[in-house]
Amino acid sequence: MGAVAAHGEDGKVSQQGADHQLKDLDAGALFVLKSKGSWLHCGYHLTTSIVAPPLLSLPFAFTFLGWAAGVAFLLIGALVTFYSYNLLSLVLEHHAQKGNRQLRFRDMANQILGPKWGKYFVGPIQFMVCYGAVVACTLLGGQCMKTIYLMSKPDGPMKLYEFIIIFGCLMLILAQIPSFHSLRNINLVSLVLTLAYSACATGGSIHIGTSFKEPKDYSLHGDTQDRLFGIFNAIAIIATSYGNGIIPEIQATVAPPVKGKMFKGLCICYTVLSLTFFSVAISGYWAFGNHSEPLVISNFLADGQTLVPKWFVLMVNIFIILQLSAVAVVYLQPTNEVLENTFSDPKRKEFSARNVIPRAVSRSMSVIIATTIAAMLPFFGDINSLIGAFGFIPLDFILPVVFFNLTFKPSKRSIVFWLNVTIAVVFSAVGVIAAVAAVRQIGLDAKTYRLFANV
């Protein structure tokens with residue numbers, strides 16, 4: 001069962017009631033989505049899932065938008081996602097107080113929209129987004145390792161897929177961490193790493209921008225069609241940067257009573273987000289203008305030479321690799337929950353041989369498949385833009401406001417109702433156009449695609 005009987009508003013339940021709840025839980029909820037965390041832990045999980053290395057692509061997004069539109073879309077993304085994540089949290093709290101706590105996104109869709117929506121729309125989209133994030137993290141981790149390698153051996157023989165396999169081996173170990181709640185300390189370290197490499201990216205950009213007096217070009221290039229598709233590509237990049245897709249699963253890790261805890265966690269997350277997103281985007285675009293690379297730290301290297309000290313580039317890449325491993329294991333949790341629900345027995349102990357062996361095998365296979373995809377498709381960044389358009393925009397921008405209006409039924413004369421309708425309509429249109437733009441980009445880049453390419 002996805003929903004469990006909730007604690008009362010005062011958070012007190014009898015031991016008999018608690019035991020009854022545990023009996024009602026399936027293996028995925030019982031072993032992976034343990035409700036033991038505090039609002040601080042919630043903040044760590046949220047920060048790791050949102051404030052991740054995709055933020056280093058924000059200066060690149062600005063190249064399609066320019067200064068005014070770039071800052072405006074970045075601010076709109078922050079406001080809308082903070083608002084929509086809070087709405088989603090309020091819906092979850094409402095169901096918990098009514099005695100039907102929802103632990104997963106698809107459970108919410110089942111109850112609010114109907115079972116077919118959870119089974120055929122929300123569930124598959126969430127899986128695609130989360131597993132796509134794992135593949136993307138594995139690919140980027142391999143690319144960062146290769147960057148470090150080439151700094152020491154510029155003509156070294158090792159290929160990109162070999163570094164992706166090395167990162168996959170690290171993921172094989174981390175994937176065995178039993179539950180989402182068990183990641184709380186790792187995600188605290190991840191938060192610190194995010195601040196560290198964002199500060200390095202900002203500082204490095206400012207240093208290069210002030211040291212090298214080359215003229216900076218901030219103009220928008222291309223004809224009207226190219227500019228239009230560029231704008232929607234940039235929106236997809238920004239949406240992916242703000243994307244989460246696992247708000248219900250994160251709230252499921254919070255110990256009851258849940259009221260107000262998610263809001264505190266979001267405040268931690270968006271404090272870190274404000275410090276990192278805006279500083280990296282603005283400093284990177286200021287320093288490199290239209291020459292901003294898809295990852296701004298790539299601008300620290302030019303013609304095989306580093307524009308900042310080598311140790312600095314090495315340090316930044318190590319920070320990114322370590323945080324990528326935390327981000328990947330967070331986005332593995334929905335997959336782990338499904339695997340646990342499929343192969344484990346909730347009536348047996350969590351660490352019994354009956355549950356440990358299928359858990360280790362299934363999680364290892366999940367990581368091996370993700371690593372293989374990353375190694376085969378090193379152009380996965382283009383595909384991820386498509387996943388962002390099809391996945392993150394519906395899950396994080398559209399469904400929260402729809403769920404809120406259907407659950408609380410605000411008056412059609414109220415500002416909240418029409419604000420939510422406006423967000424749903426606008427971002428539905430944006431999602432469709434961004435998906436078209438992503439497909440177009442895949443078509444343009446297809447001639448360069450090659451399996452196991454050493455890019």
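1. Ring pairs join Phe62, Trp67, Tyr218 and Tyr285 into a cluster, where rings of Phe, Tyr and Trp (its six-membered ring) pair if their centres lie within 6.5 Å, and planes under 30 degrees apart count as stacked, over 60 as edge-to-face and the rest as tilted. The structure holds 19 aromatic pairs.

2. A word on the basis of these remarks: this is a predicted model, in which local features need pLDDT of at least 70 and side-chain atom pairs count only at pLDDT 80 or more, while totals for chains, interfaces and linings use all residues. Residues are numbered from 1 along each chain as its sequence is written, and side-chain values use heavy atoms, with hydrogens and water left out.

3. On the overall fold, the protein has 16 helices and four strands, these being DSSP runs numbered from the N terminus (helices H or I, at least four residues; strands E, at least two). The radius of gyration is 22 Å, close to the 23 Å that the globule rule gives for 455 residues, so the protein is as compact as a globular protein of that length; the radius is taken over C-alpha atoms, and the rule is 2.2 Å times the number of residues to the power 0.38. Along its principal axes, the C-alpha trace spans about 70 × 60 × 35 Å.

4. As to burial and surface, 55% of the 455 residues count as buried, a term that means under 20% relative accessible area, with exposed over 50% and partly exposed in between (1.4 Å probe, protein chains only). The protein exposes about 19,400 Å², of which carbon and sulfur atoms supply 68%; accessible areas come from the Shrake-Rupley method with a 1.4 Å probe.

5. Among contacts (heavy atoms within 4.5 Å) between residues at least 6 apart in sequence, 83% join residues at least 24 apart.

6. Two of the aromatic pairs deserve a separate look. The rings of Phe127 and Tyr131 have their centres 5.5 Å apart and their planes at 5°, so this pair is stacked, and the two residues, four apart in helix H6 (residues 115–152), are separated by about one helical turn. Phe127 is partly exposed at 42% relative accessibility, whereas Tyr131 is buried at 11%. Tyr242 and Phe277 form a tilted pair, with 5.0 Å from centre to centre and 45° between the planes. That second pair links distant parts of the chain, since Tyr242 lies in helix H9 (residues 224–242) and Phe277 in helix H11 (residues 261–288), 35 residues apart. Tyr242 is buried, with a relative accessible area of 0%, and for Phe277 the value is 0%.

7. Helix H6 also holds Thr138, which counts as buried at 1% relative accessibility. Leaving aside residues up to four places away in sequence, Thr138 touches Ile164, Phe167, Thr371 and Ala374.

8. Lys261, in helix H11, counts as buried at 19% relative accessibility. Its C-alpha atom is 9.2 Å from that of Ser89, although the two residues are 172 apart in sequence. With residues up to four places away in sequence not counted, Lys261 touches Trp39, Glu93, Val254, Ala255 and Pro256.

9. Gly77 is found in helix H4 (residues 58–97) and counts as buried at 6% relative accessibility. Gly77 and Phe300 lie 223 residues apart in sequence and 27 Å apart in space, C-alpha to C-alpha.
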